[in-house]
Amino acid sequence: MNAPIFEITKSATFDAAHYFEDGPEHRPYSRLHGHSFKVEATVRGAPQEPVGWVADLADLDAALRGVAAELDHGLLNEKPGLERPTLEHLCLYFAERLKAPFPGLCRIVVSRPTINESCALAL
């Protein structure tokens, strides 16, 4: 029998500002504005010995919160890779930083809960 495959998920929040230089002028995107963001990271895999878990949730939590802290209360446009700080680019930003320590990383979701928007990256 094959080992069962599980997915574990942790989430973190951060607040940040951004703008889009090339956004439509008739929309508020080109003006500096901020959001509260939520990011979720999911790791998929078979239970690993000796404990029998996919990955240590405390390690995933610390790593995810660490990346979120890099962005918290900052201007996203100033971060390399986020010059165009779309939800899509935010997903890639988190994935690039979490993939090496968590090879089973399979999904990143970045959302703006207060305006009911989200983006998911399947890896």
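Start by selecting strands β1 (residues 6–18) and β2 (residues 33–45), which run antiparallel and are joined by 13 bridges; strands here are DSSP E runs of at least two residues and helices are H or I runs of at least four, both numbered from the N terminus, and two strands are said to pair if DSSP finds at least two bridges between them. Within this pairing, pick Ser 11 and look across to β2, where the bridge partner of Ser 11 is Glu 40. What is on screen is a predicted model, in which local features need pLDDT of at least 70 and side-chain atom pairs count only at pLDDT 80 or more, whereas totals for chains, interfaces and linings use all residues. Residues are numbered from 1 along each chain as its sequence is written, and side-chain values use heavy atoms, with hydrogens and water left out.

**The whole sheet**

Now extend the selection to the five strands, which form an open sheet of mixed pairing in the order β3-β1-β2-β4-β5. The edges are taken by β3 (74–75) and β5, each of which has a single partner strand, so one side of each is left without a neighbour in the sheet.

Move next to β4 (105–112) and β5 (117–122), which run antiparallel and are joined by six bridges. These two strands form a hairpin with four residues between them, and in the turn Asn 116 has a positive phi of about 55°. At this hairpin, select Arg 112, whose bridge partner in β5 is Glu 117.

Then select Ser 111, in strand β4, which counts as buried at 10% relative accessibility; buried means under 20% relative accessible area, exposed over 50% and partly exposed in between, computed with a 1.4 Å probe on protein chains only. If neighbours within four places in sequence are set aside, Ser 111 is in contact, that is, has heavy atoms within 4.5 Å, with Ser 36, Phe 37, Lys 38, Glu 117 and Ser 118.

**The aromatic cluster**

Phe 37 leads on to the rings, for which a search of the whole structure finds three aromatic pairs; rings of Phe, Tyr and Trp (its six-membered ring) pair if their centres lie within 6.5 Å, and planes under 30 degrees apart count as stacked, over 60 as edge-to-face and the rest as tilted. Select Phe 14 together with Phe 37, a stacked pair at 4.8 Å centre to centre with 10° between the planes. This pair links distant parts of the chain, since Phe 14 is in β1 and Phe 37 in β2, 23 residues apart. Both rings belong to buried residues, with a relative accessible area of 2% for Phe 14 and 1% for Phe 37.

Keep Phe 14 and add Phe 94, whose ring centre is 5.9 Å from that of Phe 14 with the planes at 35°, so the pair is tilted. Here the link runs from β1 to helix α2 (residues 87–98), across 80 residues, and Phe 94 is buried with a relative accessible area of 0%. With Tyr 93 added, ring pairs link Phe 14, Phe 37, Tyr 93 and Phe 94 into a cluster. Over the face of Tyr 93 lies Arg 97, at 3.4 Å from the ring centre; a charge sits over a ring if NZ of Lys or CZ of Arg is within 6 Å of the ring centre and within 35 degrees of the ring normal.

**Helix α2 and the loop after it**

Select α2 as a whole: its twelve residues reach 17 Å from first C-alpha to last, close to the 16 Å expected at 1.5 Å a residue, where the expected span is 1.5 Å times one less than the number of residues. Among its buried residues are Leu 87, Leu 90, Cys 91 and Leu 98, and what covers the buried residues of the helix includes β1, β2, α1 (57–71), β4 and β5. In the loop between α2 and β4, pick Ala 100, which counts as exposed at 69% relative accessibility.

**The cysteines**

Finish with the cysteines, where the structure holds zero disulfides, a disulfide being a pair of cysteine sulfur atoms within 2.5 Å. Cys 106 is in no disulfide, and the nearest cysteine sulfur, that of Cys 91, is 13 Å away; Cys 106 is buried at 13%. The sulfur of Cys 119 has its closest cysteine sulfur in Cys 91 at 4.0 Å, too far for a bond, and Cys 119 is also buried, at 15%.
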